[in-house]
Amino acid sequence: NTAVDFKITGKCDEAGMVTELWQCGVLIGKARKTVNVFQPEIRGNFLKPLIAFSAKKLYFEYFYENNVLIKPITKCLTLRNVSLLPLVFMIKCPTPFSVDRLEYTLNPDEETSVHVSFDPGMKTDRLCYRPKARL
């Protein structure tokens, strides 16, 4: 007798129940045709990953001053996993913004902090600028 373990991973683009009928077949001896030995119904309830943000928007404001060193401005944002399952995700943001960490893992109801920085020195012409970016 031989046992084989299978790890099955399911992915779905939309939340909700998914049901599939699978077939497990074997070839016996020199047979050319498979014999179905097991037909499980596989069900999965896919949940939408949800993260609660402490603020919907972060505002950064900088006024240039002569002979004053330009330094990045950093603000803290709290993220909380409001899903029923653990979440593994990455945060990306375009310049002139940056974050202190790119990869995160949050268990249900767990929180973490993200430090979002704005570098006003990225724009060298010192003209008014209103970047719109999303995390």
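Pro 96 is placed in the loop between strand 7 (87–90) and strand 8 (97–99), strands being DSSP runs of E of at least two residues, numbered from the N terminus. The peptide bond from Thr 95 to Pro 96 is cis, with omega near 15°. The model is predicted: local features need pLDDT of at least 70 and side-chain atom pairs count only at pLDDT 80 or more, while totals for chains, interfaces and linings use all residues. Residues are numbered from 1 along each chain as its sequence is written, and side-chain values use heavy atoms, leaving out hydrogens and water.

Two residues other than glycine have positive phi values. Both count as exposed (over 50% relative accessible area, 1.4 Å probe, protein chains only).

| Residue | Phi | Loop | Relative accessible area |
|---|---|---|---|
| Asn 67 | near 60° | between strand 5 (51–53) and strand 6 | 83% |
| Asp 109 | near 65° | between strand 9 and strand 10 | 55% |

The largest nonpolar core (buried Ala, Val, Leu, Ile, Met, Phe, Trp, Tyr and Cys residues, each under 20% relative accessible area, joined through side-chain atoms within 4.5 Å) has 13 residues, of which Leu 79, Phe 89, Ile 91 and Val 114 touch the most other members. Strands 6 (73–81), 7, 8, 9 (103–106) and 10 each give two or more residues to this core, and strand 10 provides the largest share, three residues.

Lys 57, Arg 130, Lys 132 and Arg 134 form a positive surface patch; patch residues have over 30% relative accessible area and no salt bridge (a side-chain nitrogen of Lys or Arg within 4 Å of a carboxyl oxygen of Asp or Glu), with like charges joined within 9 Å. Arg 130 is found in the segment after strand 10 (111–118) and counts as exposed because its relative accessibility is 70%.

Terms used
Patch = residues over 30% accessible without salt bridge, like charges linked within 9 Å, V, L, I, M, F, W, Y side chains within 5 Å. Areas by Shrake-Rupley, 256 points an atom, 1.4 Å probe, with all protein chains shown as cover. Lys, Arg positive; Asp, Glu negative; His and termini not counted. Charge placed at Lys NZ, Arg CZ, Asp CG, Glu CD. Helix = DSSP H or I, 4+ residues; strand = E, 2+ residues; numbered from the N terminus.
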